[in-house]
Amino acid sequence: MSKTGARRNPLFAGLVAEKWARENGIVSLPVRPKEIAESLDILVQAKSDAAAGVSGMLLRHGDAFCICYATHIRSVGFQNFSIAHELGHYLLPGHPEHIFAGGDVHASHAGFTSSDIYEAEADHFAAALLMPDFLFDAALRKVGEGLAAVEAMSRLCETSLVATAIRYAQRTSVPAAVVLSTGGRLDFCFMSKTMQEFGSMTWPRKGELLPGGVATERFVRNAANVTEGHRAQEDGDLRDWFGCRKVAMEEEVLGLGPYGKALTVITTSTFADDDAELDEDVEDCWTPRFRR
Ligand SMILES: [Zn+2]
């Protein structure tokens with residue numbers, strides 16, 4: 001089987017982007033995907049009338065390529081991500097063969113919500129290209145942890161809050177989780193490596209309801225909190241989210257505006273091998289908290 005038949009892997013796509021950035025003279029933030037496209041002789045055009053949900057397109061005409069990016073969301077971060085996602089389709093092994101199999105136009109749904117593996121790979125490529133590890137990690141160390149750090153990195157990298165939060169979960173050294181939800185249901189949950197070390201956690205999945213009673217669940221009950229961009233911050237317990245042992249944590253939630261999405265950032269300074277707070281009521285530790 002050819003390269004196109006290789007097992008697809010979104011995390012590998014991120015590594016390809018970082019390698020590309022390292023080998024092609026990316027030395028500071030923000031990374032500018034439009035300039036990268038131009039350096040590859042790819043034409044870049046804004047498209048104000050993209051179909052609903054389409055973030056961008058990669059078009060082929062003979063040997064020439066063009067990236068169109070949607071402008072209905074007027075955020076530089078969203079537009080940068082859309083362009084970087086198309087660069088992923090252009091640069092990732094096996095992608096051109098796949099996306100152009102049925103014609104010369106590929107329409108994308110960037111933003112970590114598509115279940116298509118090629119879209120997921122292009123998303124991870126985009127996040128890693130715009131926020132390569134060798135620049136992101138050093139900058140992150142200067143801005144701390146939690147939602148404020150995500151917001152600071154989003155400004156520095158000119159990336160959307162959502163993409164930055166996911167990258168934060170991938171790169172931070174502290175136990176952290178980021179959750180995107182719409183109308184009280186999960187779009188996704190990403191956990192940092194040190195968060196996953198807690199083990200035996202219920203990993204919330206797409207479409208599930210938020211756990212009853214957690215700060216985010218109460219926050220989104222009032223839709224205006226979300227659409228008007230309010231925020232909340234509360235001390236909580238990891239157990240209420242993930243059904244693990246009791247661990248004190250901080251939960252921060254931010255309404256992302258008219259599209260009805262809320263971003264939650266959960267962080268704790270307790271690591272899985274800090275066993276000082278082993279709790280007394282172990283028996284109800286393993287109750288899954290998420291409802292279908
Ligand atoms: Zn795509």
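**Stop 1: the five-stranded sheet**

Start with the open sheet of five strands, whose order is 6-5-9-8-7 with antiparallel pairing. Keep in mind that this model is predicted. Select 185–191 for strand 6 and 231–237 for strand 7. These two strands stand at the edges. Each has a single partner strand, so one side of each is left without a neighbour in the sheet. Look along the sheet: from one strand to the next, the twist averages 20°.

Next, select residues 248–255 and 261–267, which are strand 8 and strand 9. Six bridges pair them in the antiparallel sense. To see one such pairing, show Leu-254 and its bridge partner in strand 9, Leu-263.

Now add residues 161–171, helix 8, which packs on the sheet. Helix 8 touches strand 5 (176–182), strand 6, strand 8 and strand 9. The direction of helix 8 makes about 150° with that of strand 5.

**Stop 2: the zinc ion**

Select the zinc ion. Which residues supply its protein donors? They are His-85 (NE2), His-89 (NE2), His-106 (NE2), Ser-108 (OG) and Glu-119, which gives two OE atoms. The donors lie 2.0 to 2.7 Å from the zinc ion. In sequence, the donor residues follow the spacing H-x3-H-x16-H-x1-S-x10-E.

Why is the arrangement irregular? Six donor atoms count as octahedral if opposite donors are over 155 degrees apart and all others between 65 and 115. Around the zinc ion the six donor atoms subtend angles of 54 to 169°, which makes the arrangement irregular.

Colour two of the donor residues by accessibility. Ser-108 is buried, with a relative accessible area of 0%. His-106 also counts as buried, at 13% relative accessibility.

**Stop 3: strands 1, 2 and 3**

Select residues 64–70, strand 3. Six of its seven residues are buried, so strand 3 is largely enclosed by the rest of the structure. Add residues 43–47, strand 1, which pairs with strand 3 in the parallel sense over five bridges. Here Ala-46 stands opposite Tyr-69 in strand 3.

Then add residues 56–61, strand 2. Strand 2 runs antiparallel to strand 3, and six bridges join them. His-61 stands opposite Ala-64 in strand 3. Strand 2 and strand 3 form a hairpin with two residues between them. Pick Gly-62 in the turn: its phi is positive, about 65°.

**Stop 4: the cysteines**

How many disulfides are there? The count comes to zero. Show Cys-68, whose nearest cysteine sulfur, that of Cys-66, is 4.2 Å away. The cut-off for a disulfide is 2.5 Å, and Cys-68 is in none. At 10% relative accessibility, Cys-68 counts as buried.

Move to Cys-189, which is in no disulfide either. For Cys-189 the nearest cysteine sulfur is that of Cys-244, 12 Å away. Cys-189 also counts as buried, with 8% relative accessibility.

**Stop 5: two single residues**

Select Glu-18 in helix 1 (residues 10–23). Buried or exposed? Glu-18 counts as buried, at 6% relative accessibility. Leaving out residues up to four places away in sequence, Glu-18 touches Ala-128, Pro-132, Asp-133, Phe-134 and Arg-167.

Finish on Gly-144, in the loop between helix 6 (133–143) and helix 7 (146–157). Gly-144 counts as partly exposed, at 31% relative accessibility. Draw a distance from its C-alpha to that of Thr-172: the two are 9.5 Å apart in space and 28 residues apart in sequence.

Note on methods: Residues numbered from 1 in each chain as written. Predicted model: local features only at pLDDT ≥ 70, side-chain atom pairs only at ≥ 80, totals over all residues. Heavy atoms only, no water. Buried < 20%, exposed > 50% of the residue type's maximum accessible area, 1.4 Å probe, protein only. Donors = N, O, S within 2.8 Å, 3.2 Å for Na, K, Ca; no water. Tetrahedral: all angles 85-135°; square planar, octahedral: opposite > 155°, others 65-115°. Pairing = 2+ DSSP bridges. Helix = DSSP H or I, 4+ residues; strand = E, 2+ residues; numbered from the N terminus. Axes fitted to C-alpha atoms, helices over the stretch in contact; angles between N-to-C directions. Contact = heavy atoms within 4.5 Å.
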